[in-house]
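Student: I have a new model open and would like to talk through the labels attached to it. Could we start with one of the loops?

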Amino acid sequence: VQLQASGGGLVQAGGSLKLSCAASGFANRGYAVSWFRQAPGKEREFVAAISWRGRNTYYRSIVKGRFTISRDSANDTVYLQMNNLSPAYTAVYFCAGGHQTYDSLSYYELPAVYDYWGQGTLVTVSS
């Protein structure tokens, strides 16, 4: 199983980006996928999660209404659509996958539940 994150870049405040996480080897194996981010000098933090069937999604409160997580199970890809970005969202964004044991926000927020991590993609939002 491997995760490959892509889609980061430089965008102006108010702009949008769509991140992709290509997950090889996840098909039909019950893996939930989440996005985390790590800003310079800060801890890695949860951003959004999608259950393995894609029925449920969860978001960090500050990104609700701005970000949308989705998955294309046929292509083993999870997306994070990010709208109305501000400089505060500048960070390296990581996707992570783990065999889904529970289905709740408090579960997905824990980095320890994930077995696989992508390499990260840098998002820079200029003011």
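Tutor: Happily! This is a predicted model, and a good place to begin is N84, which sits in the loop between strand 8 and strand 9.

Student: Why is N84 called partly exposed?

Tutor: Its relative accessibility is 44%. Partly exposed covers the range between 20% and 50%, so N84 falls in that class.

Student: What makes the phi of N84 worth a remark?

Tutor: The angle is near 50°, a positive value in a residue other than glycine. Most residues other than glycine have a negative phi.

Student: Which loop holds D76, and what is its phi?

Tutor: D76 lies in the loop between strand 7 and strand 8. Its phi is positive too, about 50°, although D76 is not a glycine.

Student: Why does D76 count as buried?

Tutor: The cut-off for buried is under 20% relative accessible area. D76 has 18%, so it counts as buried.

Student: How many residues of the protein chain count as buried?

Tutor: Of its 127 residues, 43% do.

Student: What makes up the largest nonpolar core?

Tutor: That core has 29 residues, and the members touching the most others are W35, F67, L80, M82 and Y93. At least two residues each come from strands 1, 3, 4, 5, 7, 8, 9 and 11, with strand 3 giving the largest share, four residues. Apart from this core lies another of ten residues, including F36, F46, A96 and Y114.

Student: Which residues does M82 contact beyond its neighbours within four places in sequence?

Tutor: The partners of M82 are G15, S16, L17, L19, R66, F67, Y93 and V123. Contact here requires heavy atoms within 4.5 Å.

Student: How are the elements of the protein chain arranged?

Tutor: There are one helix and eleven strands. From the N terminus the order is β-β-β-β-β-β-β-β-β-α-β-β.

Student: Why is the protein chain described as being as compact as a globular protein of its length?

Tutor: Its radius of gyration is 13 Å, and the globule rule gives 14 Å for 127 residues. The two values are close, so the description holds. Along its principal axes, the C-alpha trace spans about 40 × 25 × 25 Å.

Student: What share of the contacts with a separation of 6 or more joins residues 24 or more positions apart?

Tutor: Such pairs account for 59% of those contacts in the protein chain.

How values were computed. Residues numbered from 1 in each chain as written. Predicted model: local features only at pLDDT ≥ 70, side-chain atom pairs only at ≥ 80, totals over all residues. Heavy atoms only, no water. Core = buried A, V, L, I, M, F, W, Y, C linked by side-chain atoms within 4.5 Å. Buried < 20%, exposed > 50% of the residue type's maximum accessible area, 1.4 Å probe, protein only. Rg over C-alpha atoms; globule rule 2.2 N^0.38 Å.
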